[in-house]
Amino acid sequence: MLVLDECGLFSYPSEIMYIPTLTRLSLMQNKLAVVPQEIALLTSLTDINFSQNVITEFTDCCAGLTRLQAVNLSDNLLVTLPFSLGSVKQLQKLTVLPNN
């Protein structure tokens, strides 16, 4: 598990890509505006938390994360979610409320 909560991050740390066995990632309460496509390289992820950021768009970056079980995108600025998120078969919990 890697927790980078409340670090004041404006961008996703590229060094995370060098942890291919990472299963849980939390970037809660930062200043992230996007979830980068590179997150798709972390195929061992089961849980991601991007809550309380300023994310305006969540792309289909998680479609290939077959082990993903929980996604938290609450308290962001999202209006829509990608249709491909529904194809993540292991997904058990998707938290998106509230969003603006």
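# Five strands, asked and answered

Modeller: The protein has five strands and zero helices. Bear in mind as we talk that this is a predicted model.

Colleague: Happy to. In what order do the elements of the protein run from the N terminus on?

Modeller: They run β-β-β-β-β.

Colleague: And what makes the protein as compact as a globular protein of that length?

Modeller: Its radius of gyration is 12 Å, and the globule rule gives 13 Å for 100 residues; the two values are close, so the protein is as compact as a globular protein of that length. Along the principal axes, the C-alpha atoms fill a box of roughly 30 × 30 × 20 Å.

Colleague: How much of the protein is buried?

Modeller: Of the 100 residues, 38% are buried. The accessible surface comes to about 5600 Å², and carbon and sulfur atoms hold 56% of that surface.

Colleague: Good. Now the sheet: what is the order of its strands, and how do they pair?

Modeller: The five strands form an open sheet in the order β1-β2-β3-β4-β5, and the pairing is parallel.

Colleague: Why are β1 and β5 said to stand at the edges?

Modeller: Each of them, β1 (2-3) and β5, has a single partner strand, so one side of each is left without a neighbour in the sheet.

Colleague: How do you know that β3 and β4 count as a pair?

Modeller: A pair needs at least two bridges. Three bridges join β3 to β4, so these parallel strands meet the cut-off. Within the sheet, D47 stands opposite A70 in β4.

Colleague: Let's turn to single residues. Why is S26 called buried?

Modeller: Buried means under 20% relative accessible area. S26 has 7%, so S26 is buried. This serine lies in strand β2. Beyond residues up to four places away in sequence, S26 touches L2, V3, L4, D5 and N49. By contrast, the C-alpha atoms of S26 and L42 are separated by 13 Å, with their positions 16 residues apart along the chain.

Colleague: There are two serines in loops that I would like to check. Why does S44 count as buried?

Modeller: The relative accessible area of S44 is 14%, which is under 20%, so S44 is buried. You will find S44 in the loop between β2 (24-26) and β3 (47-49). Leaving out residues up to four places away in sequence, S44 touches P20, T21, L22, T23 and R67.

Colleague: And why does S84 count as buried?

Modeller: S84 is at 19% relative accessibility, and the cut-off is under 20%, so S84 counts as buried. S84 sits in the loop between β4 (70-72) and β5 (93-95). With residues up to four places away in sequence set aside, S84 touches D60 and A63.

Colleague: What makes L68 a buried residue?

Modeller: Its relative accessible area is 0%, under the 20% cut-off, so L68 is buried. L68 belongs to the loop between β3 and β4. Its contacts, apart from neighbours within four places in sequence, are L45, T46, D47, I48, C62, V88, Q90 and L91. L68 and T46 are 22 residues apart along the chain, yet their C-alpha atoms are separated by 3.9 Å.

Colleague: Now for the backbone. What is noteworthy about phi of E6?

Modeller: Phi of E6 is near 55°, a positive value in a residue other than glycine. Most residues other than glycine have a negative phi. E6 lies in the loop between β1 and β2.

Colleague: Why is E6 called exposed?

Modeller: Exposed means over 50%, and E6 is at 59% relative accessibility, so E6 counts as exposed.

Colleague: What about D75: why is D75 called partly exposed?

Modeller: D75 has a relative accessible area of 34%, which falls between the 20% and 50% cut-offs, so D75 is partly exposed. Phi of D75 is also positive, near 55°. D75 is in the loop between β4 and β5.

Colleague: One last item: which residues does a cis peptide bond join?

Modeller: L97 and P98, with omega at about -10°. P98 lies in the segment after β5. Most peptide bonds are trans.

Colleague: And how many charged side chains are there?

Modeller: There are 5 positive and 8 negative side chains, and the centres of the two sets lie 10 Å apart.

Note on methods. Residues are numbered from 1 along each chain as its sequence is written. This is a predicted model: local features need pLDDT of at least 70, side-chain atom pairs count only at pLDDT 80 or more; totals for chains, interfaces and linings use all residues. Side-chain values use heavy atoms; hydrogens and water are left out. Helices (H or I, at least four residues) and strands (E, at least two) are DSSP runs, numbered from the N terminus. The radius of gyration is taken over C-alpha atoms; the globule rule is 2.2 Å times the number of residues to the power 0.38. Buried means under 20% relative accessible area, exposed over 50%, partly exposed in between (1.4 Å probe, protein chains only). Accessible areas come from the Shrake-Rupley method with a 1.4 Å probe; for residues, only the protein chains shown count as cover. Lys and Arg count as positive and Asp and Glu as negative; His and the chain ends are not counted. The place of a charge is taken as NZ of Lys, CZ of Arg, CG of Asp or CD of Glu. Contact means heavy atoms within 4.5 Å.
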